Amino acid sequence: MEITKLSAVEIRKKILSGELSCKQTVESFLKQIEKNTAYNAVLEIFDDALAKAEEMDKKIAAGFKGKLAGVPVIIKDNILYEGKICSCGSKFLKNYRAQYNATVTDRLLAEGAVILGRANMDEFAMGSSTENSAFGITHNPIDFDRVPGGSSGGSACAVALDMCPIALGTETGGSVRQPASYCGIYGLKPSYGRISRYGVVAFASSLDQVGIFSKSIEDNALMLEVLAGEDENDETCSKQKVDDYSNFSDAKNLKIGVPAEILKMTKGLECEANFANFVDFLKACGLQVVPVSIKDIELALATYYILAPAEAASNLARFDGVKYTTRNADAKTLQQIYKKSRSEGFGKEVKRRIMLGNYVLSSGYYDAYYNKAKAVQGLLIDECNKAFESCDVMIMPTTLGEAFKIGSKPSDPVETYKEDVFTVTANIVGCPSLSIPFGKGKNLLPLGIQLFGKKFDEKTIFSLAKFIEEKR
Amino acid sequence: MELSEIKHLAELSKLEFSQTELEAFASDFASLVSLADNIKNADVKGKRVLQSIKLGDLRKDETKKSLPCKVILANAPLAKKDSFVVPRVVE
């Protein structure tokens, strides 16, 4: 039995039955991480992981049966775990040590997970390739010369290479779904407000969500059950009841909506044929596929690249050389502390987005850009609600095509931003979206399809994903 | 975009750039602004601006237990007597 090939659900079962110990399981995954260090997916293996596994074995022997009892998990480097470094892929925070647990960390630990380490990411989650990390590029698990996607590229690569069965990432505009697609695994962005962001370093607070990577749909659903639910420390976290996501419902009568605008946007792209194949596959499975419309979806990318940098510029103002570890040694005045610490601590992409954010927020432009983008957000929400009147789930490609080669994007940043064209809408409207692996590109690398659900209806997209898995 | 405008944005952003970096930013910005400009074509007549949080949903404004000073200051580059230390800012 190859332990690292097991799903989280299987690991828990085997540990609870005594077939495996948590220590033995964690040792196997740690070996797998060490074997794959060249991919630079994991920035740090926590030195207490084995000790925590031994403690867990004792706890299980005493009757503990948590939903993740003994399951090894890796977290993205922007999620706080008390006492551990949390660097957000940034030089600015390279020595920042978390002083408390994020709510998601607490929930993982309460259900018996063992956190193995922290995964590489684009600096402050800004990027689509993990090339923007201050701690080196992460490589694609299938083709070493390509990117794993981003910003949660380390988490996606870790799951794909069996370094852990489940990993946490975060999403602001596709940072879980896009790397999931590039790495051939499942990646969920839950509804806005489904999972607490307390203790998760903020990028754009009206869009950010914690997301889940897994190789099996059961693992993804189980993890959402553990993480979801209200939190008094995050007022944006919904009080809406948490469903039994692992109890899949019958999906055969679901109506699947294909937005006409998406068909237009995929024309000539690598994803076009694969998306058409997916639609045919659903029809062959007996599902009803209906045309729907999100008329202004082509405005989503511009909307996102106004709202997200605006919020990032405000959120990252806290990194000022006073509170968070980094202070330039030559700065003499307070203004110099701000400017010099930020200038030496932040990478190029982070600076670019702060500048863009302050541009759209500055007087004279605020109404034309920021307020207009907020109004378009309202428009897109209305259009999605309208589309959901005639379908249960919408589908769209996750990415333009296969993972691109490391260093291949032109210097014009907008060319890289276009990578997010299919993913940003779910963040803007707050709906859940799950990227499932489906099909291959011209180099036989994985492609993904998004199952885009109604707000707080993760259960339906999980059920559809399960149905699809069974029909393949 | 004029270089002077980029310099103004850098000041607002509390960032410093070399002349070469500023010039590179000016070229990036033309492209970024043209992406953002797509929003200008949107017809949003009658649409209200969305609020992310409904104020009615917020918890009561009550004092609650918070992290101790020592913990808050643990990551400060310079701290003394329960305070962050910065250079004198008043004349």
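1. Chain B, read along its sequence, follows the pattern α-α-α-β-β, that is, three helices and two strands. The model is a predicted one. Of the 91 residues of chain B, 25% count as buried. Its accessible surface comes to about 6800 Å², and carbon and sulfur atoms account for 52% of that surface.

2. The interface between the chains comes next. The size of an interface is often given as the accessible area lost when the parts come together. Between chain A and chain B the buried area is about 4800 Å², with 67% of it from carbon and sulfur atoms. E235(A), K339(A) and M355(A) supply 15% of the area that chain A buries against chain B, more than any other three residues. In terms of residues, chain A brings 60 to the contact and chain B brings 49.

3. Charged pairs also cross this interface. Four salt bridges are counted between chain A and chain B. In one salt bridge between the chains, the side chain of E11(B) meets that of K339(A), at 2.8 Å from N to O. K339(A) is also one of the three residues named above for their share of the area buried by chain A. Elsewhere, a network of salt bridges links E349(A), R352(A) and R353(A) with D28(B).

4. Over all chains, the structure holds 32 salt bridges. Side chains of opposite charge can pair when their charged atoms come close. One such pair is K14(A) with E19(A), at 3.2 Å from N to O. The partners differ in exposure: K14(A) is buried, with a relative accessible area of 19%, whereas E19(A) is partly exposed at 47%. For K14(A), the value falls under the 20% cut-off for a buried residue.

5. A further salt bridge joins E54(A) and K23(A), whose closest N and O atoms are 3.4 Å apart. E54(A) belongs to helix α3 (residues 49-61) of chain A and K23(A) to helix α2 (residues 22-35) of chain A, so this pair ties together parts that are 31 residues apart in sequence. Both partners are partly exposed: E54(A) has a relative accessible area of 36%, and K23(A) has 29%.

6. The salt bridge between E171(A) and R177(A) has its closest N and O atoms 2.8 Å apart. Both of these residues are buried. Each is also in contact with N427(A), whose other contacts, leaving aside neighbours within four places in sequence, are T172(A), G173(A), G174(A), K189(A) and L207(A). N427(A) lies in helix α15 (residues 424-429) of chain A and is itself buried, with a relative accessible area of 2%.

7. Aromatic pairs number 24 over all chains. F124(A) and F346(A) form one that is edge-to-face, with 5.8 Å from centre to centre and 85° between the planes. This pair links distant parts of the chain, 222 residues apart: F124(A) is in the loop between β3 (114-119) and α5 (153-160) of chain A, and F346(A) is in the loop between α11 (334-345) and α12 (348-361) of chain A. Both residues are buried. Ring pairs join them with F92(A), Y96(A), F319(A) and Y324(A) in a cluster.

8. Lysine side chains also lie over aromatic rings in chain A. K59(A) lies over the face of F64(A), at 4.3 Å from the ring centre. The charged end of K84(A) sits over the ring of Y81(A), 5.3 Å from its centre.

9. Helix α4 (residues 103-110) of chain A has T103(A), V104(A), T105(A), R107(A) and L108(A) as its buried residues. What covers them includes β2 (72-76), β3, β4 (166-171), β6 (209-214) and α7 (217-227) of chain A. Just after α4(A), G112(A) takes a positive phi of about 100°.

10. Two leucines of chain A may be set against K76(A). L168(A), in strand β4 of chain A, is buried with a relative accessible area of 0%. L168(A) and K76(A) are 92 residues apart in sequence, and their C-alpha atoms are 5.9 Å apart in space. L263(A), in helix α8 (residues 260-266) of chain A, is partly exposed at 40% relative accessibility. The C-alpha atoms of L263(A) and K76(A) are separated by 33 Å, with their positions 187 residues apart along the chain. Leaving aside neighbours within four places in sequence, L263(A) is in contact with V258(A) and F275(A).

Note on methods:
Residues are numbered from 1 along each chain as its sequence is written. Chains are lettered from A and ligands numbered from 1 in the order in which they are written. This is a predicted model: local features need pLDDT of at least 70, side-chain atom pairs count only at pLDDT 80 or more; totals for chains, interfaces and linings use all residues. Side-chain values use heavy atoms; hydrogens and water are left out. Helices (H or I, at least four residues) and strands (E, at least two) are DSSP runs, numbered from the N terminus. Buried means under 20% relative accessible area, exposed over 50%, partly exposed in between (1.4 Å probe, protein chains only). Accessible areas come from the Shrake-Rupley method with a 1.4 Å probe; for residues, only the protein chains shown count as cover. Rings of Phe, Tyr and Trp (its six-membered ring) pair if their centres lie within 6.5 Å; planes under 30 degrees apart count as stacked, over 60 as edge-to-face and the rest as tilted. A charge sits over a ring if NZ of Lys or CZ of Arg is within 6 Å of the ring centre and within 35 degrees of the ring normal. Contact means heavy atoms within 4.5 Å. Buried area is the accessible area (1.4 Å probe) that two parts lose on being put together, summed over both.
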